[in-house]
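Visitor: I am new to this structure and should be grateful for a close look at a single part of it. Would you kindly take the enclosed empty space and its surroundings as the subject?

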Amino acid sequence: MTGPDVWQALPIPALVLDGADRVAAVNGPAEGMFNRSARSLTGRAFPAILDLDGGVPAATARVRATGAPLTLHEVTIRPAQAPAIRCEVHLAPLDDGVLILMSPQDIAGRFDSTDHARTAARSAIGMAEMLAHEIKNPLAGITGAAQLLGMGLAGEDLELTGLIVAESRRIVKLLEQVEQFGNLRPPDRHAINIHDVLDRARRSALVGFAAHVDIVENYDPSLPPTWADPDQLLQVVLNLLKNAAQVADRKGKVTIRTFYEPGLWVRRADGTAASLPLQVEIVDDGPGIPPAIAASIFEPFVSGRENGTGLGLALVSKIVNDHDAWISASSVPGRTVMRLSLPLAPKDMKIDPQAIGAK
């Protein structure tokens, strides 16, 4: 297949801009998006035919200055004389111009679901406060009463009081997990080496819930420090490792991978852009996420496991969003990838060796 054939075969709208941000080439899907022919678009100033959140010149200037690709998420583009479209926009340097790829709705929808998960997680805060007050205190009384009764019983009667105590304690643990949603404390951020957090989580997992699996490290040791609350980040990683270990086959494998991706940006709640170049992936070889819940796994009380509470990933989503970071999942049978994207620490902040494990 020749170059022009490949260009026209691309399934998403694509354009090439010259050094002055004029349209130099347009493929078929882009003609459909703009409802105009390639001939009528070629030579036109790109900002004149499309309104991009944040402005076209700023994005193309960044790509030319860095010489690196740039991805813009949750972008609304407005083709002239056409309805606005939600897209993920990819920009990459091409000679002295810029290649632009636009992915409408299908990829951008992942970020819509992340926002929805954020809202759902925060809506559980009020419920957590109520549950803690209305249920935990009576349960303490029930547990104590059952223990006192058990002191004078034997046989099946003692077994029944033991069951009451065990189930009461299980419910308390569940409520304590729900109660964490009520923690409105902002992250206590430090400049930290992400590998220190990952190593602590890996060692903890191997002597506990992940003793039956092989945890493989695939690290990029050159990664700069991230800007995060080390305790909260450790909680996120432990949750992800626990989920991976629970679905991995006996003697299965879980891989922890880190790498740098300079083109990943997301939009904060205040509308400003955030760069998230530090990537952590937790990969398992389990059966994959059930398709019926794949789009809602970060929402409270959604679980693919029998007796699962559906709170672990919802809490992960809350913590990640409190850090202006991003988490996503991709899954097929035999390979599920949970990807955590984190910000860089400010340049003037040095790694605090006491931050991890000091609190």
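Guide: A polar contact, a term needed below, is a pair of N or O atoms within 3.5 Å, where within protein one must be able to donate a hydrogen and the other to accept it. The model shown here is predicted.

One such contact joins the side chain of Asp-229 to the backbone nitrogen of Gln-232, at 3.2 Å. A polar atom of the Asp-229 side chain also lies 2.8 Å from the backbone nitrogen of Asp-188. Asp-229 itself sits in the loop between β9 (226–228) and α9. Asp-229 counts as buried because its relative accessibility is 0%, and buried means under 20%.

Gln-232 leads on to the empty space, as this residue is among those that line the largest cavity. The structure holds one cavity of 30 Å³ or more, and the space in the largest cavity amounts to about 40 Å³. Its lining consists of Ala-228, Gln-232, Leu-233, Val-236, Ile-319, Val-320, His-323 and Leu-342. Two elements, α9 (230–247) and α10 (312–322), each give two or more residues to this lining. The greatest share comes from α9, which supplies three residues. Sorted by class, the lining has six nonpolar residues and two polar ones, while charged residues are absent from it.

In general, empty space of this kind is found by rolling a probe the size of a water molecule over the atoms.

Definitions and conventions: Residues are numbered from 1 along each chain as its sequence is written. This is a predicted model: local features need pLDDT of at least 70, side-chain atom pairs count only at pLDDT 80 or more; totals for chains, interfaces and linings use all residues. Side-chain values use heavy atoms; hydrogens and water are left out. On a 1 Å grid over the protein atoms alone, a cavity is a set of points where a 1.4 Å probe fits but cannot get out, and a pocket is an open set with protein on both sides within 12 Å along at least five of seven lines; lining residues have an atom within 4 Å of a point. Grid points are joined across faces, edges and corners, and a volume is the space filled by probe spheres set on the points. Helices (H or I, at least four residues) and strands (E, at least two) are DSSP runs, numbered from the N terminus. Ala, Val, Leu, Ile, Met, Phe, Trp, Tyr, Cys and Pro count as nonpolar, Asp, Glu, Lys and Arg as charged, and the others, Gly among them, as polar. Buried means under 20% relative accessible area, exposed over 50%, partly exposed in between (1.4 Å probe, protein chains only).
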